Amino acid sequence: MTSTSALPENAGRQCHNVVNPYHSTHYFAPEFGEELAKAGIGNRRAAYFAARGAAMGAVGPGTITATFYNFHHDLIAQHVPYVWTVTTPEAVLEARLRAADVTLRRLLGDAALDSPEMAEAAELALRATEGCARQARPLYAAHADLPVPDAPHLAYWRAATLLREHRGDGHLLALLDAELDGLEALVTHTASGRGMSYQGVMATRGWSPEDWQAAQERLRSRGLLDAEGELTEAGVRLRKDLERHTDRLDRGPYEHLGAEGVARLTELATGFTSAALSAGAFPAEMFGK
């Protein structure tokens, strides 16, 4: 039952910010590469494209470029659709779920995964997903068609995946409205200090230093970036507007859950994410300036 109390401003974003890392831990874990290799994909980049895209079926590079948004299309085309000649989306989805399971067990331990708090987090997050919408959200909609695992820690992981992709699909609409292409979005996010580091982008997204510099020049011509590569006042406003726009598009699940439920899920998610961070879930050099 949805709470009738008003949802505080930014409550949904704050909840997302601590739920999303629980989903994302497996991308940076050695178990991810190991499990995808068992499914026939030994290349880490190919594994990422396949794992995140498999819910949509054996799609081509154009669909991955469109839905992932900030990767260079040529990098994607190096691996897709080739990955579907060595494995199937079904095998990849099974491997991904195994990777999430073993990663979370290593980072958090069996006691946390079997705790009443984990079961409560799963129940709250799944209830929030009842407020999500499929329209114009291809990654969310594809993942919403997958079954929810029985184990509470994996049910929570599935719910976190749905909430992540729901917000992400909406965020892409906000980026398009702001007339930011994929690399310009990365440059501004990195300049804000909240996104991936320059080194992280160069290592994973397929862009060259020349591409990065060209994007910076385009942003300077719009008054969004200064000579040192920092956001101008207009750039800071744009990033804030992007988050507010995304919040509006993503308000459904959190309004459905209600203020009390969102507050409790945020509390529980903070505990699990903090524990994962303390266990070294994410490489520090990949994020921030």
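These legends go with close-up views of a predicted model.

**View 1. The second largest pocket and what lines it.**
This pocket has a volume of about 220 Å³. Its lining counts 15 residues, and the closest to the pocket centre are Asn 10, Gly 12, Asp 247, Arg 248 and Arg 251. Three helices, α1 (11-24), α15 (233-249) and α16 (251-257), each chip in at least two residues of the lining. By residue type, the lining splits into nine charged, four nonpolar and two polar.

**View 2. Helix α1 crossing helix α11.**
Here we stay with α1, which also supplies residues to the pocket lining of View 1. Its partner is α11 (residues 152-177), and the two axes come within 8 Å and cross at roughly 120 degrees. An angle over 145 degrees would count as roughly antiparallel and 65 to 115 as roughly perpendicular, so α1 and α11 end up oblique to each other. The crossing is left-handed. On the α1 side, look for Arg 13, His 16, Val 19, Asn 20, Tyr 22, His 23 and Ser 24. Facing them from α11 are His 153, Tyr 156, Trp 157, Ala 160, Thr 161, Leu 163, Arg 164 and Arg 167. The mix in this contact is six nonpolar, six polar and three charged residues.

**View 3. Helix α2 packed on helix α7.**
α2 (residues 30-38) and α7 (residues 89-108) pack with their axes 8 Å apart, at an angle of about 150 degrees. Anything over 145 degrees counts as roughly antiparallel, and that is why α2 and α7 get this label. Their crossing is right-handed. α2 brings Pro 30, Glu 31, Phe 32, Glu 35 and Leu 36 to the contact. From α7 come Val 92, Ala 95, Arg 96, Arg 98, Ala 99, Val 102, Thr 103 and Arg 106. Sorted by type, the contact between α2 and α7 has seven nonpolar, five charged and one polar.

**View 4. The cis peptide bond at Pro 81.**
Zoom in on the bond that joins Val 80 and Pro 81: this one is cis, with omega about 15 degrees. Pro 81 sits in the loop between α5 (73-79) and α6 (83-86).

**View 5. Ala 136 and its positive phi.**
Ala 136 has a phi near 60 degrees, so to speak on the positive side, in a residue other than glycine. To find Ala 136, go to the loop between α9 (116-129) and α10 (138-144).

Terms used
Residues are numbered from 1 along each chain as its sequence is written. This is a predicted model: local features need pLDDT of at least 70, side-chain atom pairs count only at pLDDT 80 or more; totals for chains, interfaces and linings use all residues. Side-chain values use heavy atoms; hydrogens and water are left out. On a 1 Å grid over the protein atoms alone, a cavity is a set of points where a 1.4 Å probe fits but cannot get out, and a pocket is an open set with protein on both sides within 12 Å along at least five of seven lines; lining residues have an atom within 4 Å of a point. Grid points are joined across faces, edges and corners, and a volume is the space filled by probe spheres set on the points. Helices (H or I, at least four residues) and strands (E, at least two) are DSSP runs, numbered from the N terminus. Ala, Val, Leu, Ile, Met, Phe, Trp, Tyr, Cys and Pro count as nonpolar, Asp, Glu, Lys and Arg as charged, and the others, Gly among them, as polar. Axes are lines fitted to C-alpha atoms, for helices over the stretch in contact, and angles run from 0 to 180 degrees between N-to-C directions. Angles under 35 degrees count as roughly parallel, over 145 as roughly antiparallel, 65 to 115 as roughly perpendicular and the rest as oblique. A crossing is left-handed if the near helix is turned anticlockwise from the far one by less than a right angle, and right-handed if clockwise. Contact means heavy atoms within 4.5 Å.
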